[in-house]
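User: Could you take a close look at one part of this structure for me? I would like to follow a single helix, from its ends to what packs against it.

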Amino acid sequence: MKAVHGQCLVVDLSDGTATAVALPELVFASVLGGNGLASYLLYRFCPPGADPLGPENPLIFATSPFLGTGLTTSSKLALAAKSPQTERIGDSISSSYLALALKHTGFDALVIRGQARDWSVLIVEDDQVRLEPADDMLGLDPTATADALRARLGRGFRVAAIGLAGERGVRFASISNDGRLAGRTGLGAVMGQKRLKAVAVRGTRPLPSVADPAAVAAAARALAARSQGPETAKYRVLGTVANVALFNRLGVLPTRNFQAGQFEGAEELSGEHLVTTRRVDTHACAACTIGCEHHFLAKGNGAKARLEYETLYALGPLCGIADPDIVVQAAALCDRYAMDAISAGGTIAWAMECVERGIALPGDPADWPRFGDGPSLLRALNLIGQRQGPLGALLAEGSRRAAHVLGQGSEAWAMHVKGLELPGYDPRKLKTMALGLAVATRGACHNRSSAYEVDFSDQLPPDAAARARAEAAVRAEDTAAVIDSLTLCKFLRHCFDDLFAEAAHLWTLVTGLPLDADGLRQAGTRINTLKKAFNLREGWTRHEDTLPPRLLQSPDSLVDGTELDRLVAAYYAVRGWDDAGRIPLPQWRALGLEALLGPLEGVCGGYARR
């Protein structure tokens with residue numbers, strides 16, 4: 001097989017040892033790379049029942065065969081660990097020059113196990129690994145950490161680092177590299193619990209060759225040209241902040257902790273308004289020809305931040321905040337502390353509703369966040385990022401755990417699925433998306449399923465059968481799994497006439513392995529089944545595939561509890577799972593997962609390895 005090294009580097013922080021572990025061709029043929037490879041390695045190296053914040057939970061960085069080929073947007077890292085938010089599979093994607101540096105070391109992935117004795121930096125130069133003290137970097141934000149490391153080690157290093165949130169164990173802390181965040185599921189907290197402030201990588205080895213260099217180069221030029229077409233114009237001109245005005249008109253912009261679907265201050269936060277009044281520059285991710293990253297400036301204090309729709313929604317309408325300057329400042333704080341803006345905003349919105357309902361929070365009442373109060377939002381973010389005081393400590397746990405601690409009925413308005421706070425799509429009017437959010441393996445997620453496209457495009461009538469929506473949700477999940485495992489940007493998906501056929505052809509040109517559209521679809525199914533198997537092994541049960549009560553009991557919701565149960569049951573049937581959502585062993589074998597990972601033995605509520 002071409003385009004891969006065929007090995008990963010396994011580092012144990014406890015004793016500083018590093019071992020090269022073979023990755024046979026079967027692994028890539030089965031799970032492609034990227035997100036699929038990270039999921040495979042997590043299943044393989046994470047002991048069943050591991051504490052997400054314990055040394056046995058591995059932190060994984062994985063690349064794909066497409067990385068380094070010149071195919072636009074393919075310079076991405078897939079990260080994975082058992083999530084400290086959900087205690088299920090935690091995975092994230094980050095565009096990054098670090099990905100290319102890792103592949104230049106001669107490895108396709110990095111698996112970090114154990115826990116360092118003291119705060120450390122892991123330095124990887126080709127196959128040489130060492131730990132250096134990081135005491136002088138504690139408290140630094142990720143950008144300052146990377147600058148300090150390059151000053152110490154040399155400019156050729158690429159760095160992934162955590163901020164103060166990761167150091168202090170905020171459960172939704174992120175990992176930052178090249179200014180981009182591996183944002184969701186709390187991987188920064190995993191890294192922090194390993195006493196690992198940063199990973200610095202420099203590789204000098206040549207990239208593995210592709211199967212057909214001339215054809216790959218021609219395909220890369222053609223894809224780059226397509227990436228500049230009308231399908232991506234929205235992202236180039238406005239970025240994803242363009243969604244604010246549209247979602248508000250459709251009544252699906254979650255407002256004040258999902259108490260409403262429209263926000264009276266949406267115009268001030270719209271992409272059109274922000275671009276004309278506060279945009280200062282645009283950037284592109286590593287190896288990207290689209291350039292969707294837009295930076296905005298707060299007029300008051302000069303704070304500058306990248307804004308995506310999800311950040312804007314979570315720190316704006318969800319918290320009742322209409323002031324763009326406050327939202328930019330809040331986004332900058334999330335980047336500085338390196339924590340997930342969606343979970344930060346969702347947890348603070350839960351706290352705001354507690355205050356609105358007269359439920360006392362811990363700490364000084366002057367610090368309690370309130371809907372529409374910008375300064376209180378900023379105070380809350382600082383408290384969380386520093387895990388300061390009883391309020392900061394509570395909110396740093398995320399909305400599910402915070403509501404469990406506070407009680408008094410507050411669990412009813414903790415807006416999460418499996419412990420991961422909801423993204424900015426109100427599923428009360430998006431029936432297929434409601435299903436996609438409920439069943440997602442990593443918790444409430446719009447990036448592992450684009451089921452919302454079915455609802456926005458009217459591909460299905462309002463009274464479509466449950467099976468039709470389930471089939472659409474499965475297609476959306478499998479498509480996302482393929483794109484994330486090839487490490488292409490999802491913004492490219494509409495640039496293909498036939499994504500699976502064309503991507504399968506690219507795969508063959510790059511790797512030399514024959515693959516057709518059906519085989520690539522099956523790879524998506526295999527990857528999602530593997531993720532589900534990990535969750536089953538870690539104790540997943542059927543009741544987790546649901547939505548917060550507010551979304552099912554609202555009079556204007558298209559989906560109540562009975563309807564969601566029907567949709568979930570149809571989803572299991574389309575997946576070929578049993579009524580409890582478990583994977584039949586014949587299907588495990590038919591997908592080739594037994595050959596890849598060995599046999600499984602069914603147990604009540606989950607699976608255990610023989």
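Analyst: Happy to! This is a predicted model, and a good place to start is the end of helix α4. The helix is followed by Gly154, whose phi is positive, near 125°. Going back along the chain, α4 itself runs over residues 142-153, 12 residues in total. From first C-alpha to last it reaches 16 Å, close to the 16 Å expected at 1.5 Å a residue. At the N-terminal end the cap is Asp141, which places a side-chain oxygen 3.0 Å from the backbone nitrogen of Thr143.

Now for the sides of the helix. Buried residues in α4 are Pro142, Thr145, Ala146, Leu149, Arg150 and Leu153. These residues lie on the same side of α4, because they cover an arc of only 130° around the axis. Thr143 and Ala151 are exposed, and they sit on the face turned away from that buried side. Thr143 therefore appears twice in this picture: its backbone nitrogen takes part in the cap with Asp141, and the residue is on the exposed face.

What covers the buried side? The cover includes the strands β7 (120-125), β8 (128-133), β9 (158-161), β10 (175-177) and β12 (196-202), along with the helix α13 (324-337).

One of these strands, β7, deserves a closer look through Ser120, which lies in it. Ser120 is buried, with a relative accessible area of 7%. A polar atom of the Ser120 side chain is 2.7 Å from the backbone oxygen of Asp118. Setting aside neighbours within four places in sequence, Ser120 is in contact with Leu131, Glu132, Pro133, Ala134, Arg195, Leu196, Lys197 and Ala198.

For the wider setting, the largest nonpolar core has 172 residues, and Tyr40, Leu41, Trp350 and Leu381 have the most contacts inside it. Leu381, leaving aside neighbours within four places in sequence, is in contact with Leu315, Ala330, Leu333, Cys334, Tyr337, Met339, Ala344 and Ile348. Apart from that core lies another, of 42 residues, and among them are Leu67, Ala99, Leu102 and Leu196. Leu196 is thus a link back to the strand just described, as it is one of the contacts of Ser120.

How values were computed: Residues numbered from 1 in each chain as written. Predicted model: local features only at pLDDT ≥ 70, side-chain atom pairs only at ≥ 80, totals over all residues. Heavy atoms only, no water. Core = buried A, V, L, I, M, F, W, Y, C linked by side-chain atoms within 4.5 Å. Buried < 20%, exposed > 50% of the residue type's maximum accessible area, 1.4 Å probe, protein only. Contact = heavy atoms within 4.5 Å. Helix = DSSP H or I, 4+ residues; strand = E, 2+ residues; numbered from the N terminus. Expected span 1.5 Å × (residues − 1). Arc of directions from axis to C-beta. Polar contact = N/O pair within 3.5 Å; in protein donor to acceptor, adjacent residues only side chain to side chain.
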